[in-house]
Structures are given as structure tokens and as C-alpha cells.
Amino acid sequence: MPGKVKYFYELTVASSPHIHSPSRTWKIMGNVLLALLPALVWAVIVFGFRALTVAAVSVAGCVFFEWAFRKIRKQDCTVGDLSAAVTGLLLALTCPVTIPYWIILVGDFFAIVVVKQLFGGIGKNFVNPALAARAFLFSWPVDMTTWAAPWTKPGIISAADAVTSATPLNSLHTGQLPAESLLDLFLGKTAGSMGEISALLLLIGGLYLVIRRIISLRIPLAFLGTVAILTFLFPQGNDRLPWMGYQLLSGGLMLGAWFMATDYVTSPVTGWGKILFGIGCGAITVFIRYFGAYAEGVSYAILVMNLCVVLLDRVGRPKRFGVEKKEGGK
């Protein structure tokens, strides 16, 4: 209209996760890195400095591949949000300390370029990049299932002289209780992936994220609770409570429940969606552990449930206030 001044405002909508608070993505990812630090330090204590070099190579690889891909595509650099660093550390923590460096770099490339950047970058990947990369790395099954015995400390340059050992989960897969005590599993005195051996430190890290309001308890409790109930009800001929305890403390369950399943991008946003997501992860984990050829099911359970997030959010969507359901369900 004549005499009126028109104002135009530019609205910028960034990719998810969307946070209605002063929080920023780099702060959230920084807290996740901080929460994972105790598990990494314990891995260095148990397996030696090779654990630190594997983690450093993996983080550096993820950061480089993200920077290089976006540089080639002439896109804004996003390494400052620390999401690539989190992916690199999580991938390293899900691998044996003896893994060759070149294999972990292949996993970094797959996680960042194939799973994340080719779909548009952070907030647009539909499965967890670290877990997808871990599943891909089983193209080298021997390297991904060679577990160093605790306190053996394989060499930094070459791990060929490492003393190998079976993990507690291998015993559980045969229907037998492990030789290690529940306290050993809780504290982290067993063979396994770098970041999965100490349930105590993973629990501390997870609770830190809850206290900082980075994650909620819905997914971890639903995930762990489902595993606890199913393994208690079906102990495969063993005493129920010890069997349940070993199942909860073995493998990557604690790492997956607190740090992987709660990923903002690949988990539901609704309350009921989170609960159903956790229940699904727990049920699939137990099913694979009991009936699968592979002893561990956490990674694949989370990846399968990642594909169901849209449906779970639709099911868990709360009813809008003041809206009545019409006849015919429309």
C-alpha cells in the first residue's frame, strides 16, 4: 500500500537436529565426546597405547573425509560441529584394538562419505554412520573378530604379536556362562571391542548425557529393560539372574544403548516412539544373540530400527489438543 513500508525477513532453516534452546550441535557433540572419554582411557589402560592411536586415526580419518568431500563439492565446511569426530571415535570403540589402520580408514570413508554426506550431511542420514560402517567392515571378518586379551598391550605399529582371547559373549552364544565374573564384566577386565569392555564407565558416560539433558532415559531403559526381561524369561537352561546379568554386561549393549541408539538423527523424537524404538532394539538384539550365527546383535538391531523411525514417530505422535477424530478415521 502507498505510504507503507514493507519489511521482509529471511528465515533460515538448518538441518536437524533442531534444538529449542541455546544449545548448538558442536556443544552436544562435545558432550558426547566427553562422555566417551572414560571408556577410551580405560581401553588405553587395558590394551595399551594402540587403543589411543586407533581412535586418533579413526577420528582424523572421519574429519578429513568430511572436509575433503565438502571441499570437492564446494559446500560449507562442517567439521566444526564435531559430528565427524564423534562418528570416528564411536567407530573405533566398536572395533578390536588389533584392527589394521587401513581397515579403520575404510570404515571412516564409508561412514562419512557413503552413509552421511551422499545423503546430504548431518541430519539427513537415515542410519547411524558408525554402526553402518562397522557392519560394512565385517567384509574383513577375521580382523573384526580378533580380540586381544586384556593387559596384553599389542604394538602400536603392528598388532601381529597380540595375544588373542575369546570374549564373554562367545561363551554366551554357545549357551554357557563365561569364565569371567560379573564384576570383571562390570569393571572392564575382559576381552572385547575397545569401548565395550567396561559397563561401569559406559553407564557413567550415559548418565552424564542424561544429566546434561543431551539424551533422555526412554531409549536406554526400554532397550536394556527389554533385554533383561527376555533373557530372564529364556535363560537357555542357566540360572536366570546370572544369565540376565551376563547378557546385560557383555558385548556392545551398554555402548549401543547409551550412545548409538540415542543418536538424534536416527532415533524417534516422540516419547512413545522412543520407547517402541528401544523395545525393538532389545528384542532384535536378543533374537540375533540366541538364533544368529553371529554372537552379537546390538549393531544390527539398531540399524534395523533406524529404518523404522518414521513409522514409530507416526505411531507415537500425540493427539493434537482440540482436534477430534472424524468418522471413518479421517
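In the predicted model, Asn125 is in contact with Val115, Lys116, Phe119, Val265 and Thr266, leaving aside its neighbours within four places in sequence. Asn125 lies in the loop between H4 and helix H5 (129-137). The residue has a relative accessible area of 6% and therefore counts as buried, the limit being 20%. Its side chain also reaches the backbone oxygen of Val127, at 3.0 Å.

Lys116, one of the contacts of Asn125, takes part in a salt bridge. The side chain of Lys116 meets that of Glu66 at an N to O distance of 2.8 Å. This pair links distant parts of the chain, with Lys116 in helix H4 (residues 101-116) and Glu66 in helix H2 (residues 50-72), 50 residues apart. Both partners are buried: the relative accessible area is 3% for Lys116 and 0% for Glu66. Side chains of opposite charge can pair when their charged atoms come close.

A search of the whole structure finds 2 salt bridges. Besides the pair formed by Lys116 and Glu66, the side chains of Glu296 and Arg289 meet at 3.1 Å, N to O. Glu296 is buried at a relative accessible area of 6%, and Arg289 is buried at 4%. Arg289 is located in helix H13. In addition to the salt bridge with Glu296, the Arg289 side chain reaches the backbone oxygen of Gln247 at 2.8 Å. With neighbours within four places in sequence left aside, the contacts of Arg289 include Leu169, His173 and Gln247. Ser250, Gly251, Gly252 and Leu253 are also among them, as are Ala295, Glu296, Gly297 and Val298.

Helix H4, which holds Lys116, also contains Phe109. Phe109 has a relative accessibility of 39% and counts as partly exposed, because this value falls between the limits of 20% and 50%. Not counting residues up to four places away in sequence, Phe109 touches Phe65 and Val114. The C-alpha atoms of Phe109 and Val63 are 9.9 Å apart in space, while the two residues are 46 apart in sequence.

At the level of the whole protein, the secondary structure comes to 15 helices and 0 strands. Of the 330 residues, 51% count as buried. Among contacts with a separation of 6 or more, 75% are accounted for by residues 24 or more positions apart. The protein exposes about 16700 Å², of which carbon and sulfur atoms supply 67%.

Two of the helices were examined for span. Helix H1 (residues 25-47) has 23 residues, so a span of 33 Å is expected at 1.5 Å a residue; the end C-alpha atoms are 32 Å apart, in agreement with this value. H1 nevertheless bends by about 35 degrees at Leu37, and a proline, Pro38, follows within four residues. After H1 comes Gly48, with a positive phi near 95 degrees.

Helix H10 (residues 218-233) has 16 residues, and its first and last C-alpha atoms are 22 Å apart, close to the 22 Å expected at 1.5 Å a residue. The buried residues of H10 are Ile219, Pro220, Ala222, Phe223, Leu224, Thr226, Val227, Ala228 and Thr231. An α-helix has 3.6 residues a turn, so residues three or four places apart point the same way. The cover over the buried residues of H10 includes helix H11 (240-249), helix H12 (253-260), helix H13 (271-291) and helix H14 (298-306). H13, one of these covering helices, is the helix in which Arg289 is found.

The loop between helix H9 (199-211) and H10 contains Arg212. Arg212 is partly exposed, with a relative accessible area of 48%. Arg212 and Ile28 are 184 residues apart in sequence, and their C-alpha atoms are separated by 9.2 Å in space.

Definitions and conventions: Residues numbered from 1 in each chain as written. Predicted model: local features only at pLDDT ≥ 70, side-chain atom pairs only at ≥ 80, totals over all residues. Heavy atoms only, no water. Salt bridge = Lys/Arg side-chain N within 4 Å of Asp/Glu carboxyl O. Helix = DSSP H or I, 4+ residues; strand = E, 2+ residues; numbered from the N terminus. Buried < 20%, exposed > 50% of the residue type's maximum accessible area, 1.4 Å probe, protein only. Polar contact = N/O pair within 3.5 Å; in protein donor to acceptor, adjacent residues only side chain to side chain. Contact = heavy atoms within 4.5 Å. Areas by Shrake-Rupley, 256 points an atom, 1.4 Å probe, with all protein chains shown as cover. Expected span 1.5 Å × (residues − 1). Bend = angle between axes of the 7 residues up to and from the residue.
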